[in-house]
Amino acid sequence: MALLGERIFTATRTTVDFRFSEGPPEKRDHMLAGPWPDWTDVTPDTVWGAPQSYFWFAGRVTVPEELEGRRICLGIEAMFGRVMGRSDPQCLVRVNGEIVQAADYNHREILLTSAARAGTVFDIMIEAGTIEDRRQLGFGGRLLVHDLAVEALYYDLRAPLDVAEHLGVNDHRRDFILKTVHDAVNAVDFRPGNRERFSASLDGARDIADRIYAAADTEIAPHVTVTGHTHIDVAWLWRIRETRQKMARSMATALHLMREYPEYRFMYNQGLLLDYLEQDYPALFAGIRAQHKAGRFEIEGALWLEPDANITGGEALVRHVLRGVRYHEQKFGVRPRILWLPDTFGYSAAIPQIMKLAGLSVFVTHKMSWNDTNRMPNETFFWQGIDGTQAPTYFLTTQSADSASINTTYCPDLKASHVMGAWRRYAQKQTNDELFLVYGFGDGGGGPTREMLEHIRRMERGIPGCPRVSQGFMAPVLERIVTRMHATPSDYPVWVGELYLEFHRGTFTSVAKVKRDNRRAEAMLRELETLAALCWRSGSADYPSDELAVLWDIALLNQFHDILPGSSIGLVYDDSAEDYATFFARAELLRKRLAGTLAGKGEMLAVNPFARPRGGLAVLDADGPVELAGRASQTVVSANGARRQAVPVDPVPGLGACRLALRSAEAAASGATPLHVSPGLLENDRVRAEFDANGRLSSFVEKTTARECLKTGCGNRLQAFRDLPAQYDAWDIDSNFEDQVFEIDDLVSAAVVETGPYRAALRLEWAYESSRIVQIVSLEAESAVLTFDTFIDWHEHNTLLKAAFPLAVRTAEVEAEIQFGHVARPTHANTSWDQARFESPMHRWVSLSERGFGVAFLNDCKYGYDARDTTLRLTLLRSPTYPWPEADQGEHRFRYGMMPHHGIDGSAVSMAAEVFNHPFNLIEGEGHTGSSDPVAPVTVDNAAIAIEAVKRAEDGDGLVLRLWERHGARQAVRLEFADDIVAVAETDLLEEAGEALVLEGQAVTLNLAPFEIKTLRLRGRH
């Protein structure tokens, strides 16, 4: 067999002499006009290649007379490497100025002609990208003769041989296949010197091989539909600019294979990369559209890109769907029905409801097979979210038939063993005998190969012992499975709650800066859209749709599931930091422009993006005391040393804004205050906090009930842990991380820095190894939230930093906010499932509660925590060294807060978390002073109802409100609309399928189920 395989492509003596030069993608047009005089000749000793770099090779080859009439390919000769889903280098090959296909470790032969003419000249231009820190030696091309007859016989035998190798030794089908392959190989005349004799023997051998495909299987075979695909990480071990090239290479290869294999079917999903392709390589994009129209290229998967599903905010998840669906409809006329997220590190229990409200029929992944402790019991089931919605769910089960693990894959180099393994791995054989899988090299792109397609052709013919295989699209297969699930739901189990991945727990924390930027960007977008809606409704400014779309594009891009989790190389985070710098600069300019139309000179605008009125302490940048709305300011200190002015602001109406007069003040605020402060004490009328000699919280009492929140010991106990996971450094926290713990108790200084009247604060500073930790611990006059404003100059590696709080509450579960709600998780370790959940995700708050009392922790950019018994620890920092050796080094700024409460089912915690993440950022006015403040479009009478977004509708017709119930209880809410609102309709998340609501005057009453999301479209008189 090996000898036969070597004759598929036969090397000739004709080579290509290349010249080369380095040139980045932005110089593509210039490089394509080469080679230029300054290009260098390539020799066997030429050294080239550099991390994240691009090189161009140009050459010319002439077909010699002896190859007349033969099928000729160009064989690429390079030092191809292959590690963790990526090939290096990866090349895009042009022949006579036209893109042909990609070349990489798995795709080395480029078809030049199926019937060569002697003297024909081919101009070759190859764009090669190198991402590894390894050098290349030499680069070449050689003409190869491609023998289709040899190839046909080889795969006629190789595919069934793969089946036989995975059948039992006592299975008679194994013996039959091995005997037939043996007879066929023996029929081939391998004697050299007579090509015609060799070719004639191939026909006889194929006749023998046909016996395998003519044989009837003795067992009922399941049916597996296979679809070509390539998983392309938007960024990971390469930058986004390289991903744009990977997309072009992968799609060029897919289109080439479609020309070679008419039966070939391929699926792609990420709208973002299709959009990049249209910008960068319009001819390739046109080829995809043509193949899609011809019914050979499937566009499916509803998301704009494949985001992280733990950290990404609720409204952002909605926008991923909204952006993705609209893109697919506008460019391809397709309405996606599948939520395709094969590689994300766990899945929020908010997703099923989002799917239902967006008209998505099935959720598909494979990632849960990566659990390190427990195997998921089923692969086809109903997934029930926090609101009770049940979404049909399908797990890919592809693995090699001889695999000893539970892990599956979404990018196999497909052979019969993978089809057999997919069926063997599938747990519900009695319920369903139709499976689906995708195949093709991925992560770094590449996709299917000729070898895979040749194997599929043989499996489609039928091989005894192998499931029946057909090429087809993903959507029809899953539609049939979902139809059966709905027809007989009792045959399919229900999984309740989140799909928690027992792996990659460190991604809740790694690369803290990108997570802080994400939280700030989401909050800024919420405020900007509220402000834009107010301006649009008041007529003071046009709605800035295009500017907001640019900002959303930046936010969504950086939520990709290897960017936001912190699992990419440093260059990716350099790009991300630049993206966010652009985001915040543009957002601030837009804020000022919009606010300037609502507030005049000498005024500040306070915007409230929440459903309920909110007041509180506003902080301004000013050199000295100011007076805001008649109140003098107090100087407040930040952990990074900044000094600003703070003034309390009266409640601003929900979804509204207030103008506040600003002028200089002769003196800072003074007078009576409920605050008491000393180096070991912070106190007001609601809470009392005491600190020990090491700066740790020794007592925290809610004064109205005289309830001590802490157990014996200290709160805000800063702890450093050795953090050396066994496998994936940036991704993982291992269960043994507590084996080595170091208390951070070297208190350098403690001082009172604020005494009121609005806020009192202590400054605490600790030293730890080469790092410095500063906290401003503050308490506002009328607040129960003890805030820890934190500045860390971090210079440790492979170290995990947590803040521990042993709490005096009796509970066996912890509640944590997720998108559009919250979940309860056990704090014990009774089962292996409980034990594996030793680090979990949260959004803005997490709480331990007993009946009638609890302690919640708020944060402004942290996402990881652990809770065992009644000790809760916030995960503050990690510092992994792979794939970015300097991850998390340097300065960090974040806040967290501690507050007692009297039940999560009340509004206090959720509303406090909103306020904590949206401190008043007053905006300076620039226009004419108006006579009144802008009017909110709606008022809400129930604090349990949050409004997540107010924005102009995508089609420009009216405003869209996104409401959700946040207590986990059934609620009735009365919405009172502004006088100019004349029609209200309930829509889906795509802002379609509107059902008109009957207004009673200007009001409507809605009933919401626990954690239910509702979307309303409001239309005005103009």
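# Exercises on a predicted model

Leu655 is buried, with a relative accessible area of 1%. The structure used in these exercises is a predicted model.

## Exercise 1: two residues with positive phi

Task: State where Leu655 and Ala629 lie, and decide for each whether the residue is buried or partly exposed.

Solution.

Step 1. Find the loops. Leu655 belongs to the loop between strand S29 (643-652) and strand S30 (657-664). Ala629 belongs to the loop between strand S26 (626-628) and strand S27 (631-632).

Step 2. Read the backbone angle. Leu655 is not a glycine, yet its phi is positive, about 55°. Ala629, also not a glycine, has a positive phi of about 50°.

Step 3. Apply the cut-offs. Buried means under 20% relative accessible area, and partly exposed lies between that and over 50%, which counts as exposed. Leu655 has 1%, so Leu655 is buried. Ala629 has 47%, so Ala629 is partly exposed.

## Exercise 2: the surroundings of Gln136

Task: Describe where Gln136 sits and which residues it contacts beyond its neighbours within four places in sequence.

Solution.

Step 1. Place the residue. Gln136 is part of strand S12 (residues 136-137).

Step 2. Judge its exposure. Gln136 counts as buried because its relative accessibility is 1%.

Step 3. List the contacts. With neighbours within four places in sequence left aside, Gln136 touches Thr46, Val47, Trp48, Met79, Asp88 and Pro89.

Step 4. Look for a polar atom pair. A polar atom of the Gln136 side chain lies 3.4 Å from the backbone nitrogen of Met79.

Step 5. Follow two of the contacts. Asp88 and Pro89 are joined by a cis peptide bond, with omega near 0°. Pro89 is located in the loop between strand S7 (86-88) and strand S8 (90-95).

Step 6. Find another cis bond. The peptide bond between Gly756 and Pro757 is cis as well, with omega about 15°. Pro757 is in the loop between strand S38 (747-755) and strand S39 (759-768).

## Exercise 3: strand S14 and its partners

Task: Work out how many residues of strand S14 are buried, and which strands S14 is joined to by bridges.

Solution.

Step 1. Count the buried residues. In strand S14 (residues 223-228), six of the six residues are buried.

Step 2. Separate the two faces. One side carries His223, Thr225 and Thr227, the other carries Val224, Val226 and Gly228, and all of these are buried.

Step 3. Take one partner. S14 runs parallel to strand S21 (residues 434-439) and is joined to it by six bridges. In this pair, Val224 is opposite Leu435.

Step 4. Take another partner. Strand S22 (residues 468-471) is also parallel to S14, with four bridges between them. Here Thr225 is opposite Ser470.

## Exercise 4: an open sheet

Task: Give the strand order of the open sheet of six strands and name its edge strands.

Solution.

Step 1. Write the order. The strands follow one another as S37-S36-S42-S49-S48-S45, and the pairing is antiparallel.

Step 2. Identify the edges. Strand S37 (741-743) and strand S45 (840-841) each pair on one side only, and these are the edge strands.

Step 3. Examine one pair. Six bridges link strand S36 (residues 717-722) to strand S42 (residues 799-806) in the antiparallel sense. Gln719 is opposite Lys802 of S42.

## Exercise 5: enclosed and open spaces

Task: Describe the linings of the largest cavity and of the second largest pocket.

Solution.

Step 1. Count the cavities. The whole structure holds nine cavities of 30 Å³ or more.

Step 2. Describe the largest cavity. Its volume is about 330 Å³. It is lined by 24 residues, and those closest to its centre are Gly313, Gly314, Glu522, Arg844 and Glu948. Helix H14 supplies the largest share of this lining, six residues. By type, the lining of the largest cavity has nine nonpolar, six polar and nine charged residues.

Step 3. Turn to the second largest pocket. Its volume is about 700 Å³. Among its 31 lining residues, Phe9, Asn106, Glu109, Tyr155 and Glu451 are the closest to its centre. H6 gives the most to this lining, four residues. By type, the lining of the second largest pocket has 12 nonpolar, eight polar and 11 charged residues.

How values were computed
Residues are numbered from 1 along each chain as its sequence is written. This is a predicted model: local features need pLDDT of at least 70, side-chain atom pairs count only at pLDDT 80 or more; totals for chains, interfaces and linings use all residues. Side-chain values use heavy atoms; hydrogens and water are left out. On a 1 Å grid over the protein atoms alone, a cavity is a set of points where a 1.4 Å probe fits but cannot get out, and a pocket is an open set with protein on both sides within 12 Å along at least five of seven lines; lining residues have an atom within 4 Å of a point. Grid points are joined across faces, edges and corners, and a volume is the space filled by probe spheres set on the points. Helices (H or I, at least four residues) and strands (E, at least two) are DSSP runs, numbered from the N terminus. Ala, Val, Leu, Ile, Met, Phe, Trp, Tyr, Cys and Pro count as nonpolar, Asp, Glu, Lys and Arg as charged, and the others, Gly among them, as polar. Buried means under 20% relative accessible area, exposed over 50%, partly exposed in between (1.4 Å probe, protein chains only). Two strands pair if DSSP finds at least two bridges between them. A polar contact is a pair of N or O atoms within 3.5 Å; within protein, one must be able to donate a hydrogen and the other to accept it, and residues adjacent in sequence count only if both atoms are side-chain atoms. Contact means heavy atoms within 4.5 Å.
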